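Subject: Structure handover

Hello,

Here is the structure for your next round of work. My notes on what turned up follow below it.

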Amino acid sequence: MATYIVGDLQGCLDELLLLLDKVNFDSKNDSLWLAGDLVARGPQSLEVLRFVRSLGCSAKVVLGNHDLHLLAVSLGLFKVKNKDKTAPILAAEDKQQLLDWLRHQPLLAEHDEFVMCHAGISPQWSLAQARHAAQEVEAILRGDNWPWLIENMYSNQPDLWSDSLEGIERYRYTINAFTRMRFCDSEARLDMECKLPPKQVTDSTLTPWFKVKQRTKLEKTVLFGHWAALEGYEGEEVIGLDTGCVWGGKLTMLRWEDQRFFTQEALASNE
């Protein structure tokens, strides 16, 4: 039995299948963990959803910002953008089954030795706080009131966590931390504007979320995607797996048991 963790697919199914073939992935014995953003920008978002859903309990998925945005588009809150290439999902006969399956996926998935989320874990949170915050949002997404949450999640505020946060402000911070976070300032406030590689940042107040000095120490390694500009990252208790396959980079997958990385070059760029 092996545990494989892969970065953002964003509709790049062919590259995933080639990677799985390289490692002789067996869905009956192995598990595949996917770090969010299954859809958007790549050519096979519909096929990705169908394939991952077909894996059943062998697949462990967390939601990314593009996945949540697809739910917003499905509600008519936004128009489908041509560059997202998600229109086939909304026209598919199994659209409702796929979207229902998607909104039942978690923000945080946990293994005995690691946790996985799309963008990261707020530097203000302990692992227990992260679990609780994720579960609060997941419960709403899986219930009848999920359209309200999706409609009201679009804002960069609040940018600092407090246990006293309530309602949509509390949920919005949680969603932003788990699915959109890259940089924080010196007070651990989320900065949602800067998307550059850390080496290109000239603002000395900004630092990657995983390097914030006052970051709470977690008991497990955090595996994340989202940040293609990092081109992969290995640091103390954090591993970034998004290596920009959809942008002409490569798809990266980690086998947890022996810490071996496998890569597949992008078959085409979607820039």
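K85 is partly exposed, at 35% relative accessibility. Its place is the loop between helix 3 and helix 4. K85 is not a glycine, yet its phi is positive, about 55 degrees. Bear in mind that this is a predicted model.

N24 also has a positive phi of about 55 degrees, and N24 is not a glycine either. The residue sits in the loop between helix 1 (13-22) and strand 2 (31-34). N24 is exposed, with 63% relative accessibility. For background, most residues other than glycine have a negative phi, and most peptide bonds are trans. One cis bond to note runs from Q157 to P158, with omega near 0 degrees. P158 belongs to the loop between helix 7 and helix 8.

Pockets

The largest pocket has a volume of about 720 Å³. It is lined by 28 residues, and those closest to its centre are N65, H66, R182, K195 and H226. By class, the lining of this pocket holds 10 nonpolar, 8 polar and 10 charged residues. Helix 3 (65-74) and helix 8 (167-179) each give at least two residues to the lining. Helix 3 has the largest share, with 4 residues.

The second largest pocket comes to about 220 Å³. Its lining has 15 residues, with P197, P198, K199, L230 and Y233 nearest the centre. Here the split is 10 nonpolar, 2 polar and 3 charged.

Cavities

How many cavities of 30 Å³ or more are there? The count is 2. The largest cavity has a volume of about 50 Å³. Its lining is made up of V39, A40, H66, H69, L70, V73, K79, V80, K81, D84 and T86. These residues divide into 5 nonpolar, 3 polar and 3 charged. H66 thus turns up in the lining of this cavity and among the residues closest to the centre of the largest pocket.

The second largest cavity has a volume of about 30 Å³. D8, Q10, A228, D242, G244, C245, V246 and W247 line it. By class, that gives 4 nonpolar, 2 polar and 2 charged residues.

Cysteines

How many disulfides does a search of the whole structure find? The result is 0. A disulfide is a covalent bond between the sulfur atoms of two cysteines. The cut-off applied here is 2.5 Å between the sulfur atoms. For C12, the closest cysteine sulfur is in C245, 3.9 Å away, so the pair is too far apart for a bond. C12 is buried, at 1% relative accessibility. C57, by contrast, is exposed, with a relative accessible area of 67%. C245 also appears in the lining of the second largest cavity.

Packing and contacts

Helix 5 covers residues 95-103, and its buried residues are L98, L99, W101, L102 and R103. What do they pack against? The partners are helix 2 (45-54), strand 3 (59-61), helix 3, helix 4 (87-91), helix 6 and helix 7 (146-151).

A119 is in the loop between strand 5 (114-116) and helix 6. Is A119 buried or exposed? A119 is buried, at 1% relative accessibility. Leaving out residues up to four places away in sequence, A119 touches A177, F178, T179, R180, M181, W209, F224 and H226. M181 is 62 residues from A119 in sequence, yet their C-alpha atoms are 5.6 Å apart. H226 is also one of the residues closest to the centre of the largest pocket.

R131 is part of helix 6 (residues 127-141). R131 is partly exposed, with a relative accessible area of 30%. Beyond its neighbours within four places in sequence, R131 is in contact with L108 and E110. T221 is 90 residues from R131 in sequence and 14 Å away in space, C-alpha to C-alpha.

Record

UniProt lists residues 3-151 as "domain: Calcineurin-like phosphoesterase", in an unreviewed entry. In the model, that span is 44% helix and 11% strand. Its end C-alpha atoms lie 35 Å apart.

Best regards

Notes
Residues are numbered from 1 along each chain as its sequence is written. This is a predicted model: local features need pLDDT of at least 70, side-chain atom pairs count only at pLDDT 80 or more; totals for chains, interfaces and linings use all residues. Side-chain values use heavy atoms; hydrogens and water are left out. Buried means under 20% relative accessible area, exposed over 50%, partly exposed in between (1.4 Å probe, protein chains only). On a 1 Å grid over the protein atoms alone, a cavity is a set of points where a 1.4 Å probe fits but cannot get out, and a pocket is an open set with protein on both sides within 12 Å along at least five of seven lines; lining residues have an atom within 4 Å of a point. Grid points are joined across faces, edges and corners, and a volume is the space filled by probe spheres set on the points. Ala, Val, Leu, Ile, Met, Phe, Trp, Tyr, Cys and Pro count as nonpolar, Asp, Glu, Lys and Arg as charged, and the others, Gly among them, as polar. Contact means heavy atoms within 4.5 Å. UniProt positions are given in the numbering used here, feature names are shortened, and annotations may be inferred rather than shown by experiment.
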